[in-house]
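Here is a short briefing to read alongside the model. It goes from the pocket to a helix, then to the aromatic rings and a few loop residues.

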Amino acid sequence: MHRIFRHDPRLFSRLSDLLGLSLPPPIEISLLPTDLTEASPVERRVDTLLRLDTERDGSLLLAIEAQGKRDPAKPASWAYYTAYLWTKYRLPTALLVVCQDRGTAEWAGRPVASGPPHMPTLTVQPIVVGPHNMPVITDPAEARADLALATLSALTHAGDPDIGAILKALSSALRDVPEDVADPIIEFTAQGLGNRPAREVWRNLVAVDLSFYTSYLSEELRDEGRAQGNADAILIVLEQRGLAVSDSVRERVEGCNDPETLRRWLVRAVTVATAEAIFAEDDA
């Protein structure tokens, strides 16, 4: 039955009028290869894939993607993921997209169709989680009641003005839980905040509120927190003594993450005649 379309590629244009689709007359039509096999392996991965088995509705798949910014290529990738999973597992497949800003969340939540507007064929409609619909959890007791939800709240509100209070509630809630529970949350939060200013807030909270944990990441975050504190102290001492602090001095001090080096510079900052002199012995 399909061969008639190959014989006369313009047939569908005429057929669309009969179907009421109002397809604009094509300027040119090309026959493309019908083999859809991937010639070479193409790596495509969703961030997380869950199978949910329910008593009422049976089983379904949930593909979860973290989306940091708008990406015009993503809807096509999401369509591929969901269609592939549906084909492979023969299970209804849903897509959850997690965003950290409202603009990206609004963009991700819009349905995108693979076909023309009047022939949508395959439409991708993600479920979106972001600052627009996630609770702001600033009460440690509420955070303690659901640590995973409190962590997701912190990550989705990473750019909000209330992020300090949200992170403080999370760090306070983690004080009372076993280390094997707290360590993954400390790590997820640090990674999920990325390069946002909230990451610095989290580092300082880990250094102070969670000082009794000894995991590699918590120790690393504490060291970074101490380093940031020492760097700030050096600059304050130099400025309070009336010494001119050049941009190069400031950048070198703020860019140093070695606590011992920063401690040496802090001791020298009390007596040196110029800001640059705190580096003299190290540069000699």
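A pocket here is an open set of grid points, on a 1 Å grid over the protein atoms alone, with protein on both sides within 12 Å along at least five of seven lines. Its volume is the space filled by probe spheres set on the points. Please keep in mind that this is a predicted model. With that in hand, the largest pocket comes to a volume of about 550 Å³.

**The largest pocket**

- The lining of the largest pocket is made up of 18 residues, and those closest to its centre are Ile64, Ala66, Val98, Leu152 and Leu155.
- Two strands, S2 (58-67) and S3 (93-99), and two helices, H6 (147-156) and H8 (179-192), are the elements that give two or more residues to this lining.
- By character, the lining of the largest pocket divides into 10 nonpolar, 6 polar and 2 charged residues.

**Helix H7**

- Helix H7 covers residues 163-174, and at 1.5 Å a residue its 12 residues should span 16 Å; the end C-alpha atoms are 17 Å apart, which agrees.
- Is H7 enclosed or open to the outside? Of its 12 residues, 9 are buried, so H7 is largely enclosed by the rest of the structure.
- The buried residues of H7 are Ile163, Ile166, Leu167, Ala169, Leu170, Ser171, Ser172, Ala173 and Leu174.

**Aromatic rings**

- A pair of aromatic rings is described by the distance of the centres and the angle of the planes.
- Counting rings whose centres lie within 6.5 Å, the model has 3 aromatic pairs.
- One of them joins Trp78 and Trp107, with 5.8 Å from centre to centre and 50° between the planes, and this pair is tilted.
- Trp78 belongs to helix H3 (residues 74-89) and Trp107 to helix H4 (residues 102-108), so their pair ties together parts that are 29 residues apart in sequence.
- Trp78 is buried, because its relative accessible area of 2% falls under the 20% cut-off.
- Trp107 is buried too, with a relative accessible area of 15%.
- Trp265 and Phe279 also pair: their ring centres are 4.8 Å apart and their planes stand at 80°, so the pair is edge-to-face.
- Trp265 sits in helix H12 (residues 259-269), while Phe279 sits in the loop between H12 and helix H13 (280-283), so this pair ties together parts that are 14 residues apart in sequence.
- Both Trp265 and Phe279 are buried.
- Phe279 has a further partner in Arg252, which lies over the face of the ring at 4.2 Å from the ring centre.

**Loop residues to look at**

- Asp71 is in the loop between S2 and H3, and with a relative accessible area of 28% Asp71 is partly exposed.
- How far apart in space are Asp71 and Thr104? Their C-alpha atoms are 9.1 Å apart, although the two residues are 33 residues apart in sequence.
- Most residues other than glycine have a negative phi.
- Arg90, by contrast, has a positive phi, near 55°.
- Arg90 lies in the loop between H3 and S3, and its relative accessibility of 66% counts as exposed.
- Thr121 also has a positive phi, near 60°.
- Thr121 is found in the loop between strand S4 (112-113) and strand S5 (123-124), and at 73% relative accessibility Thr121 counts as exposed.

Definitions and conventions. Residues numbered from 1 in each chain as written. Predicted model: local features only at pLDDT ≥ 70, side-chain atom pairs only at ≥ 80, totals over all residues. Heavy atoms only, no water. Helix = DSSP H or I, 4+ residues; strand = E, 2+ residues; numbered from the N terminus. Expected span 1.5 Å × (residues − 1). Buried < 20%, exposed > 50% of the residue type's maximum accessible area, 1.4 Å probe, protein only. Phe/Tyr/Trp six-rings, centres within 6.5 Å; stacked < 30°, edge-to-face > 60°. Lys NZ or Arg CZ within 6 Å of the ring centre and 35° of its normal. 1 Å grid on protein atoms, 1.4 Å probe; cavity = no way out; pocket = protein on both sides within 12 Å on 5 of 7 lines; lining within 4 Å. Nonpolar A, V, L, I, M, F, W, Y, C, P; charged D, E, K, R; others polar.
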